[in-house]
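Work through the exercises below with the structure open beside you. Try each task before reading its solution.

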Amino acid sequence: MTASDISHELMQEARELLDKSLLYYQGRPVGTIAANDPEMEALNYDQCFVRDFVVSAIAFLTEGQFEIVRDFLLVTLKLQSHEKQMDCFSPGPGLMPASFKVEHIDGEERLVADFGEHAIARVPPVDCCLWWIVLLRAYVKATGDLALAHQADFQEGIKLILDLCLVHRFAMYPTMLVPDGAFMIDRRMGVYGHPLEIQVLFYAALRAAKELLLPDNNGDEYLNAVKHRLGSLGYHVREYYWLNLQRLNEIYRFSGEEFGQEIANKFNIYADSIPPWLTEWLPENGGYLAGNLGPGRMDFRFFALGNLMAILISLASEEESQQIMNLIEARWHDLVGYMPVKICFPAVEGADWRIITGCDPKNRPWSYHNGGNWPILLWMLTAAAIKTNRQELAQKAIAIAEERLGKDRWPEYYDGKNGRLIGKESRRYQTWSIAGYLAAKDLLANPANLKLISFDENPEFISC
């Protein structure tokens with residue numbers, strides 16, 4: 001059997017499995033369940049997770065299946081929290097659920113949402129409301145159905161999310177402050193504060209809101225607030241999160257304990273915090289956005305989703321985008337290995353693992369969120385490769401994935417330094433692994449669909 005035949009069969013299997021994952025409410029598909037592994041207890045994997053469904057939605061949109069995405073947007077909008085406070089495990093206004101399920105009680109169907117009150121460690125899903133706005137824009141781009149986004153309830157939903165994200169707070173940065181484990185990395189991994197992934201999603205959601213909001217009914221106030229935050233957020237991330245050899249040399253020569261406005265070391269980063277592995281690992285022509293930044297703290301780990309999405313939404317400049325792809329190509333064995341793509345690099349090990357993760361057995365080194373390889377990220381790598389005109393990297397990554405995904409029964413994640421082991425607690429027939437492969441193949445076959453999740457360069461960056 002040729003590679004082309006294997007690819008065709010895998011595509012057919014993926015489409016069938018995605019269809020089998022559909023979650024129905026009142027006779028209509030409104031989402032996809034997280035996984036359909038017959039060998040493991042369902043737990044909450046029989047629910048539709050908002051962040052998981054986004055990649056399923058991209059696959060549906062690229063294949064012309066628009067109704068399920070529309071119904072998902074309608075259902076989740078109805079589930080959006082309108083509570084006045086976020087306290088005692090109750091969500092605040094604007095928050096989207098982490099997941100929802102359909103319950104059958106006395107012959108009636110009922111939607112039940114989880115805002116994090118049932119989640120491990122009771123962490124709220126900060127990213128879900130951001131993904132929701134991004135997906136609404138993708139739906140509009142695919143269908144031209146701007147009227148849906150302009151409906152009063154959708155305009156109100158967007159404004160509630162912006163109220164949640166643009167609230168006055170004790171912070172001097174334009175970035176969003178979030179707790180540990182509040183996004184795709186949903187267990188303790190030392191990503192509290194201002195993690196890159198949330199800042200990139202925040203930026204994408206603001207850009208989407210700018211396109212979708214109407215100026216009437218106080219919409220102009222929100223648009224002005226969005227425009228201001230976009231400019232300062234974009235400047236902040238590009239200026240302070242970016243790392244390449246030139247920037248690393250600057251940090252190495254920083255003076256500490258500086259005071260005042262006109263200083264170089266604005267966050268009091270100490271040179272001794274630069275990890276030894278980085279100076280050897282970072283290639284001459286490569287760079288990336290650091291994982292986190294805060295007072296006296298820079299997380300030098302490479303986080304794949306934040307960097308790849310920064311390329312798509314033009315938060316990274318064209319030159320920076322090329323340097324990120326140069327890094328991935330130069331460190332292919334570390335960041336792609338035997339299954340695209342490693343969620344973060346390097347893993348936290350030893351005493352750091354015990355302290356930072358709380359001895360989390362699922363996040364043991366080179367597993368799960370602590371340096372595991374996640375097939376879902378294949379679609380994001382493919383999209384970034386198309387955006388940077390590096391399609392050969394996407395083709396290479398997809399070919400690697402096709403050798404194993406079907407035979408391994410579509411695992412959730414892979415373990416090991418190079419992704420050679422099926423994840424120790426990984427679910428099989430994981431929907432977002434299936435959808436990630438489909439979306440990657442569809443985008444590569446029709447690059448015009450990149451418009452669904454891509455933004456052009458935004459020149460309106462401003463220094464705070």
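The exercises that follow concern a predicted model.

**Exercise 1. Check the length of helix α3 (residues 67-79) against its expected span.**

Step 1. Helix α3 has 13 residues.
Step 2. The expected span is 1.5 Å times one less than the number of residues. For α3 that gives 18 Å.
Step 3. The end C-alpha atoms of α3 are 18 Å apart, which agrees.
Step 4. Now look at burial in α3. Ile68, Val69, Asp71, Phe72, Leu73, Val75, Thr76, Leu77 and Leu79 are buried.

**Exercise 2. Place α3 relative to the sheet of β3, β4 and β5.**

Step 1. Get the strand order. The sheet is open and reads β3-β4-β5, with antiparallel pairing.
Step 2. Find the edges. They are β3 (48-49) and β5 (108-114), and each pairs on one side only.
Step 3. Count bridges. Seven join β4 (residues 99-105) to β5. One pair among the bridge partners is Glu103 with Arg110 of β5.
Step 4. Add the helix. α3 lies across β3, β4 and β5, at about 85° to β4.

**Exercise 3. Describe the surroundings of Trp132: is this residue buried or exposed?**

Step 1. Locate Trp132. Its helix is α4 (residues 126-143).
Step 2. Apply the cut-off. Buried means under 20% relative accessible area. Trp132 has 0%, so this residue is buried.
Step 3. List the contacts beyond four places in sequence. Trp132 touches Leu73, Thr76, Leu77, Met96, Phe154, Ile158 and Ile161.
Step 4. Link back to α3. Leu73, Thr76 and Leu77 are among the buried residues of α3.
Step 5. Check a sequence-distant pair. Trp132 and Leu95 are 37 residues apart along the chain, with their C-alpha atoms separated by 10 Å.

**Exercise 4. Classify the packing of α15 (residues 377-387) on α17 (residues 431-445).**

Step 1. Take the geometry. The angle is about 20°, and the axes are 7 Å apart.
Step 2. Classify the angle. Angles under 35 degrees count as roughly parallel, so α15 is roughly parallel to α17.
Step 3. Assign the hand. The crossing of α15 and α17 is left-handed.
Step 4. Name the contact residues. α15 gives Leu378, Trp379, Thr382, Ala383 and Ile386. α17 gives Gly436, Tyr437, Ala439, Ala440, Leu443 and Leu444.

**Exercise 5. Trace the sheet of β6, β7, β8 and β9, then find the cis peptide bonds at Val341 and Pro346.**

Step 1. The four strands form an open sheet in the order β6-β7-β8-β9, with antiparallel pairing.
Step 2. β6 (242-244) and β9 (344-345) have a single partner strand each, so one side of each lacks a neighbour in the sheet.
Step 3. Two bridges join β8 (residues 297-303) to β9. Phe302 has Phe345 as its bridge partner in β9.
Step 4. Phe345 is also joined to Pro346 by a cis peptide bond, with omega about -5°.
Step 5. A cis bond joins Pro340 and Val341 too, with omega about 0°. Val341 lies in the loop between α13 (332-335) and β9.

**Exercise 6. Compare Gln26 and Trp410, two non-glycine residues with positive phi.**

Step 1. Recall the norm. Most residues other than glycine have a negative phi.
Step 2. Read the angles. Gln26 has a phi of about 55°, and Trp410 also has about 55°.
Step 3. Place them. Gln26 is in the loop between β1 and β2. Trp410 is in the loop between α16 (391-402) and β10 (414-415).
Step 4. Test accessibility. Gln26 is exposed at 58% relative accessible area, whereas Trp410 is buried at 0%.

Terms used
Residues are numbered from 1 along each chain as its sequence is written. This is a predicted model: local features need pLDDT of at least 70, side-chain atom pairs count only at pLDDT 80 or more; totals for chains, interfaces and linings use all residues. Side-chain values use heavy atoms; hydrogens and water are left out. Buried means under 20% relative accessible area, exposed over 50%, partly exposed in between (1.4 Å probe, protein chains only). Axes are lines fitted to C-alpha atoms, for helices over the stretch in contact, and angles run from 0 to 180 degrees between N-to-C directions. Angles under 35 degrees count as roughly parallel, over 145 as roughly antiparallel, 65 to 115 as roughly perpendicular and the rest as oblique. A crossing is left-handed if the near helix is turned anticlockwise from the far one by less than a right angle, and right-handed if clockwise. Contact means heavy atoms within 4.5 Å. Two strands pair if DSSP finds at least two bridges between them.
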